[in-house]
Amino acid sequence: MSSTVNVVRYTGLIGGILYGISHRRTLQEQENHRKAEHAAHHREELIKQARQAWKDKQESSKGSGLITNPDDPNFDLEKILAKWEAESK
(Lines give C-alpha, C1' and ligand atoms only; values in the text may rest on other atoms or scores of the structure.)
Protein backbone atom coordinates (compact mmCIF):
# COMPACT_ATOMS: atom_id res chain seq x y z
CA MET A 1 0.00 0.00 0.00
CA SER A 2 1.05 3.51 -0.48
CA SER A 3 2.18 5.68 2.37
CA THR A 4 -0.68 8.12 1.73
CA VAL A 5 -3.26 5.40 2.40
CA ASN A 6 -1.50 4.45 5.63
CA VAL A 7 -1.38 8.08 6.78
CA VAL A 8 -5.10 8.51 6.08
CA ARG A 9 -5.91 5.19 7.77
CA TYR A 10 -3.97 5.95 10.96
CA THR A 11 -5.15 9.56 11.04
CA GLY A 12 -8.73 8.29 10.91
CA LEU A 13 -7.98 5.73 13.61
CA ILE A 14 -6.40 8.28 15.93
CA GLY A 15 -9.20 10.77 15.21
CA GLY A 16 -11.80 8.15 16.06
CA ILE A 17 -10.06 7.25 19.30
CA LEU A 18 -9.83 10.91 20.34
CA TYR A 19 -13.48 11.45 19.42
CA GLY A 20 -14.46 8.41 21.49
CA ILE A 21 -12.56 9.68 24.52
CA SER A 22 -14.13 13.13 24.19
CA HIS A 23 -17.62 11.72 23.72
CA ARG A 24 -17.28 9.39 26.71
CA ARG A 25 -16.22 12.30 28.92
CA THR A 26 -19.26 14.28 27.82
CA LEU A 27 -21.59 11.37 28.52
CA GLN A 28 -19.96 10.74 31.91
CA GLU A 29 -20.38 14.41 32.90
CA GLN A 30 -24.06 14.27 31.96
CA GLU A 31 -24.55 11.09 33.98
CA ASN A 32 -22.76 12.55 37.01
CA HIS A 33 -24.93 15.67 36.80
CA ARG A 34 -28.10 13.56 36.57
CA LYS A 35 -27.05 11.49 39.58
CA ALA A 36 -26.30 14.62 41.62
CA GLU A 37 -29.71 16.08 40.78
CA HIS A 38 -31.42 12.81 41.67
CA ALA A 39 -29.58 12.63 45.00
CA ALA A 40 -30.52 16.23 45.82
CA HIS A 41 -34.16 15.59 44.95
CA HIS A 42 -34.15 12.42 47.05
CA ARG A 43 -32.68 14.32 50.04
CA GLU A 44 -35.36 17.00 49.66
CA GLU A 45 -38.09 14.36 49.67
CA LEU A 46 -36.63 12.71 52.78
CA ILE A 47 -36.47 16.08 54.54
CA LYS A 48 -40.10 16.78 53.64
CA GLN A 49 -41.16 13.37 54.98
CA ALA A 50 -39.17 13.85 58.18
CA ARG A 51 -40.65 17.29 58.75
CA GLN A 52 -44.15 15.98 58.19
CA ALA A 53 -43.56 13.05 60.55
CA TRP A 54 -42.14 15.38 63.20
CA LYS A 55 -45.10 17.75 62.77
CA ASP A 56 -47.55 14.86 63.10
CA LYS A 57 -45.73 13.59 66.17
CA GLN A 58 -45.78 17.02 67.79
CA GLU A 59 -49.48 17.50 67.04
CA SER A 60 -50.38 14.08 68.38
CA SER A 61 -48.46 14.61 71.61
CA LYS A 62 -49.97 18.08 72.14
CA GLY A 63 -53.51 16.92 71.56
CA SER A 64 -53.37 14.11 74.10
CA GLY A 65 -51.82 16.14 76.89
CA LEU A 66 -49.51 13.21 77.48
CA ILE A 67 -46.00 13.95 78.74
CA THR A 68 -43.44 11.84 76.92
CA ASN A 69 -40.32 13.34 78.49
CA PRO A 70 -39.07 10.86 81.13
CA ASP A 71 -37.17 13.64 82.94
CA ASP A 72 -40.38 15.60 83.57
CA PRO A 73 -41.71 15.21 87.14
CA ASN A 74 -45.26 14.73 85.78
CA PHE A 75 -44.18 11.83 83.54
CA ASP A 76 -46.49 8.81 83.86
CA LEU A 77 -45.25 5.60 82.23
CA GLU A 78 -48.57 3.78 82.68
CA LYS A 79 -50.44 6.42 80.66
CA ILE A 80 -47.93 6.19 77.83
CA LEU A 81 -48.06 2.40 77.77
CA ALA A 82 -51.87 2.51 77.74
CA LYS A 83 -51.82 4.97 74.85
CA TRP A 84 -49.34 2.87 72.84
CA GLU A 85 -51.40 -0.25 73.52
CA ALA A 86 -54.55 1.49 72.32
CA GLU A 87 -52.80 2.74 69.17
CA SER A 88 -51.46 -0.70 68.31
CA LYS A 89 -54.92 -2.28 68.30
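**Two helices and three salt bridges**

Glu31 counts as partly exposed, at 29% relative accessibility. The partner of Glu31 in a salt bridge is Arg34. The model is predicted. The protein has 2 helices and 0 strands. Its radius of gyration is 32 Å, well over the 12 Å that the globule rule gives for 89 residues, so the protein is more spread out than a compact globule.

**Overall shape and surface**

- The C-alpha trace spans about 100 × 20 × 20 Å along the principal axes of the protein.
- Only 2% of the 89 residues count as buried. Here buried means under 20% relative accessible area, and exposed means over 50%.
- The protein exposes about 8100 Å². Carbon and sulfur atoms supply 57% of that area.

**Salt bridges in helix H1**

- How many salt bridges does a search of the whole structure find? The search finds 3.
- Side chains of opposite charge can pair when their charged atoms come close.
- Arg34 and Glu31 form one of these salt bridges, with the closest N and O atoms 2.7 Å apart.
- Where do Arg34 and Glu31 lie? Both are in helix H1, which covers residues 3-64. They are 3 residues apart, so about one helical turn separates them.
- An α-helix has 3.6 residues a turn, so residues three or four places apart point the same way.
- Arg34 is partly exposed, with a relative accessible area of 46%.
- Lys48 and Glu45 form another salt bridge, and their closest N and O atoms are 3.9 Å apart. The cut-off for a salt bridge is within 4 Å, so this pair counts.
- Lys48 and Glu45 also lie in helix H1, 3 residues apart, about one turn of the helix.
- Is Lys48 buried or exposed? Lys48 is exposed, because its relative accessible area is 54%. Glu45 counts as partly exposed, at 31%.

**Helix H2**

- Helix H2 covers residues 77-88. Lys83 and Glu87 form a salt bridge, with the closest N and O atoms 3.5 Å apart.
- Lys83 and Glu87 are 4 residues apart in H2, so about one helical turn lies between them.
- Lys83 counts as partly exposed, at 25% relative accessibility. Glu87 is exposed, with a relative accessible area of 52%.
- What span should the 12 residues of H2 have? At 1.5 Å a residue, the expected span is 16 Å. The end C-alpha atoms of H2 are 16 Å apart, which agrees.
- Of the 12 residues of H2, the number buried is 1, so H2 lies largely in the open.
- Which residue caps the N-terminal end of H2? Asp76 does, with a side-chain oxygen 3.4 Å from the backbone nitrogen of Glu78.

**A nonpolar patch**

- Which residues form a nonpolar patch on the surface? They are Tyr10, Leu13, Ile14, Ile17, Leu18 and Ile21.
- Together these residues have about 600 Å² of accessible area.
- Ile17, one of the patch residues, is found in helix H1. Ile17 counts as partly exposed, at 47% relative accessibility. Residues in a patch need over 30% relative accessible area, so Ile17 meets that cut-off.

Notes:
Residues numbered from 1 in each chain as written. Predicted model: local features only at pLDDT ≥ 70, side-chain atom pairs only at ≥ 80, totals over all residues. Heavy atoms only, no water. Salt bridge = Lys/Arg side-chain N within 4 Å of Asp/Glu carboxyl O. Buried < 20%, exposed > 50% of the residue type's maximum accessible area, 1.4 Å probe, protein only. Expected span 1.5 Å × (residues − 1). Polar contact = N/O pair within 3.5 Å; in protein donor to acceptor, adjacent residues only side chain to side chain. Rg over C-alpha atoms; globule rule 2.2 N^0.38 Å. Areas by Shrake-Rupley, 256 points an atom, 1.4 Å probe, with all protein chains shown as cover. Patch = residues over 30% accessible without salt bridge, like charges linked within 9 Å, V, L, I, M, F, W, Y side chains within 5 Å.
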